[in-house]
Amino acid sequence: MAQLNQKQPQAGKKKIRSKKLAPKVDLTAMVDLAFLLITFFMLTTTLSKPYRLDVAMPDNHGENPLLLDERRVVSLLLTDKGLMWYHGDFNHPISKPEFTDLSKTGIRKVLDRLKAEIPPKADGKDMIVLIKPSNEARAVDVIQALDEMKQVDIKRYTISKIGDDEEKMVLAML
């Protein structure tokens, strides 16, 4: 506790007025407390963790291409003109290619509907989404497409290159 250092008058003596000294406050305890608080907050705080997105890319070591069941595959074609999607194989699509946007009423609604139409099999195989950005696609659109995969709870998706035929199809449909 802080103490003020002042002289007490002695009993029985005549008071002699002397020059008053400025009171001194001992700040040692306050400095100790400040250092304790600084140390406490430095040791208990957590630094911001970097945000990262885990994407498992297919293994490229095999010479044989990976064969997928076309009934389970949905392709998202991202270009600078927008987003086009189709269900199935490119040459024989189950549903014809359509344009949509990256919103709740756009691609999320489509993915929810397709997820309900493509129920998971007993062996754990469910819907696969191929995200195919073109060279002109914006990075923010790819990130937003990946966010939609998390929102719809799609476990299997990958990012791959858009084919020349697919890019021509997008340009032809504009």
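How many bridges join E1 to strand E2 (residues 82–88)? Select both strands and count: there are six, and the two run antiparallel.

Before going on, some ground rules. This is a predicted model, in which local features need pLDDT of at least 70, side-chain atom pairs count only at pLDDT 80 or more, and totals for chains, interfaces and linings use all residues. Residues are numbered from 1 along each chain as its sequence is written, and side-chain values use heavy atoms, with hydrogens and water left out. Helices (H or I, at least four residues) and strands (E, at least two) are DSSP runs, numbered from the N terminus.

**Stop 1: strand E1**

Select residues 73–79. Seven of the seven residues of E1 are buried, meaning under 20% relative accessible area with a 1.4 Å probe and protein chains only (exposed is over 50%, partly exposed in between). Now colour by side-chain direction: Val73, Ser75, Leu77 and Thr79 point one way, while Val74, Leu76 and Leu78 point the other.

Zoom in on the end of the strand at Thr79, whose bridge partner in E2 is Gly82. E1 and E2 make a hairpin here, with two residues between them. On E4 (residues 128–133), the picture changes: six bridges join E1 to E4, and this pair runs parallel. Look for Leu78 opposite Pro133.

**Stop 2: the whole sheet**

Add E3 (residues 93–100). Five bridges tie E2 to E3, again antiparallel, and a hairpin of four residues connects them. Two pairs to label are His87 with Ser95 and Met84 with Phe99.

Now show every strand in the sheet. Five of them form an open sheet in the order E3-E2-E1-E4-E5, with mixed pairing; strands count as paired if DSSP finds at least two bridges between them. E3 and E5 (156–159) stand at the edges with a single partner strand each, so one side of each has no neighbour in the sheet. Neighbouring strands are turned by 15 degrees against each other on average, direction ignored.

**Stop 3: the helices**

Which strands does helix H2 lie across? Select 107–117 and you will find H2 across E1, E2, E3 and E4, at about 10 degrees to E2. Helix H4 (residues 164–173) lies across those strands too, E1, E2, E3 and E4, but at about 120 degrees to E2. Axes here are lines fitted to C-alpha atoms, for helices over the stretch in contact, and angles run from 0 to 180 degrees between N-to-C directions.

Next, bring up H3 (139–152). H2 and H3 pack at an angle of about 45 degrees, with their axes 10 Å apart. That makes H2 oblique to H3 (under 35 degrees is roughly parallel, over 145 roughly antiparallel, 65 to 115 roughly perpendicular, the rest oblique). For the contact (heavy atoms within 4.5 Å), show Ile107, Arg108, Leu111, Asp112 and Lys115 of H2 against Glu148, Met149, Gln151 and Val152 of H3.

**Stop 4: the cores**

Finally, go inside. A nonpolar core is a set of buried Ala, Val, Leu, Ile, Met, Phe, Trp, Tyr and Cys residues joined through side-chain atoms within 4.5 Å. The largest has 22 residues, and Leu76, Val129 and Ile131 touch the most other members. E1, E2, H2, E4 and H3 each supply at least two residues, with H3 giving the most, five.

Centre on Ile131: beyond its neighbours within four places in sequence, its contacts include Leu76, Leu78, Ala145, Leu146 and Met149. Apart from this core lies another of six residues, among them Met84, Tyr86, Met169 and Val170.
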